[in-house]
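Student: Before we discuss the contacts in this model, could you put the sequence and the structure in front of us?

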Number of protein chains: 2
Amino acid sequence: MPDDEGHPALAEMELGAVLSALADPLRRRVVRELAAGPDGGERTCSSFALPVGKATVTHHFRTLREAGLIRQVDRGNSRMATLRRADVERRFPGLLALLTAEGAGDA
Amino acid sequence: MPDDEGHPALAEMELGAVLSALADPLRRRVVRELAAGPDGGERTCSSFALPVGKATVTHHFRTLREAGLIRQVDRGNSRMATLRRADVERRFPGLLALLTAEGAGDA
DNA sequence: CCGTAGGTACGACACGCGTCGTACCTACGG
DNA sequence: CCGTAGGTACGACGCGTGTCGTACCTACGG
């Protein structure tokens, strides 16, 4: 299972990269919204309405993708992002729960 | 339960600060070694033999302390560090397990 | 065919952070 | 009393990174 265009395989996911990616509030928000949606739910990059420019959005999504947290597929004009829920849960059990807990009256 | 000299209370721990603190390999190593030891086990800063200068060690331990991951107490000449295991586990369940898994044949 | 919208690539900039050296402070031991 | 060892405080430096503007590319819709 090779890296298909920047998506690390399950065994290639590094904790350091994941934690660094999740250290940014914007990227954490993306993962949280993705996790709140249905499993396998696809969303465009722009649908998150992040308060930054387009180039910065691309940068954040690349960071998330290269950490192995999301998967991006070309869908015609847009590039859809999906949470790699099962992979992340298998490699780092409980991690997603920590993210979803944030911003739910807990933080 | 106020901040006693840089130690955030349980409710004051922020996920962002914790993830940022854990994004550094050296700090992750400190927490991992602490977690591998007995609960409440005290260790001096220098006992970790981090490959950096003294000033940098102080910086890393301050980051860990201000994130709420460790507690530091003056013990005569040295300053002992202890893992806030119960607090961390209560606030961010499963987080410590992710760290201990790293470097145990898993990563 | 042309315009527009979603994303990417590249370069630039500013701030943060990991690192260090040095000076200083506080025990502890001759 | 003086030296030494553990830590801290402060200032400095370099690189990483979050941010942006601009140019460009690729569908999709008149």
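Tutor: A residue is taken to be near a strand if its C-beta atom, placed from the backbone, lies within 6 Å of that strand. Please keep in mind that this is a predicted model.

Student: Which residues come nearest to DNA strand C?

Tutor: There are 22 residues around DNA strand C, and both protein chains appear among those that come nearest. From chain A these are Thr44(A) and Ser46(A), and from chain B they are Val52(B), Ala55(B) and Gly76(B).

Student: Which element gives the largest share of the surface near DNA strand C?

Tutor: Helix H3 (54–67) and strand S3 (78–83) of chain A, together with helix H3 (54–67) of chain B, each give two or more residues to that surface. The largest share amounts to five residues, and the element that provides this share is H3(B).

Student: And around DNA strand D, which element gives the most?

Tutor: Here at least two residues each are supplied by H3 of chain A and by H3 and strand S3 (78–83) of chain B. With five residues, the element that gives the most to the surface near DNA strand D is H3(A).

Student: How many residues of the surface near DNA strand D are polar?

Tutor: By class, this surface has six nonpolar and four charged residues. The number of polar residues is 13.

Student: Where two protein chains touch, which element gives the largest share of the side of chain A that touches chain B?

Tutor: In this contact, 14 residues of chain A meet 14 residues of chain B. Helix H1 (15–22) and helix H5 (95–101) of chain A each give two or more residues to that side, and the largest share, five residues, comes from H1(A).

Technical notes. Residues are numbered from 1 along each chain as its sequence is written. Chains are lettered from A and ligands numbered from 1 in the order in which they are written. This is a predicted model: local features need pLDDT of at least 70, side-chain atom pairs count only at pLDDT 80 or more; totals for chains, interfaces and linings use all residues. Two residues are in contact if their C-beta atoms, placed from the backbone, lie within 7 Å. Helices (H or I, at least four residues) and strands (E, at least two) are DSSP runs, numbered from the N terminus. Ala, Val, Leu, Ile, Met, Phe, Trp, Tyr, Cys and Pro count as nonpolar, Asp, Glu, Lys and Arg as charged, and the others, Gly among them, as polar.
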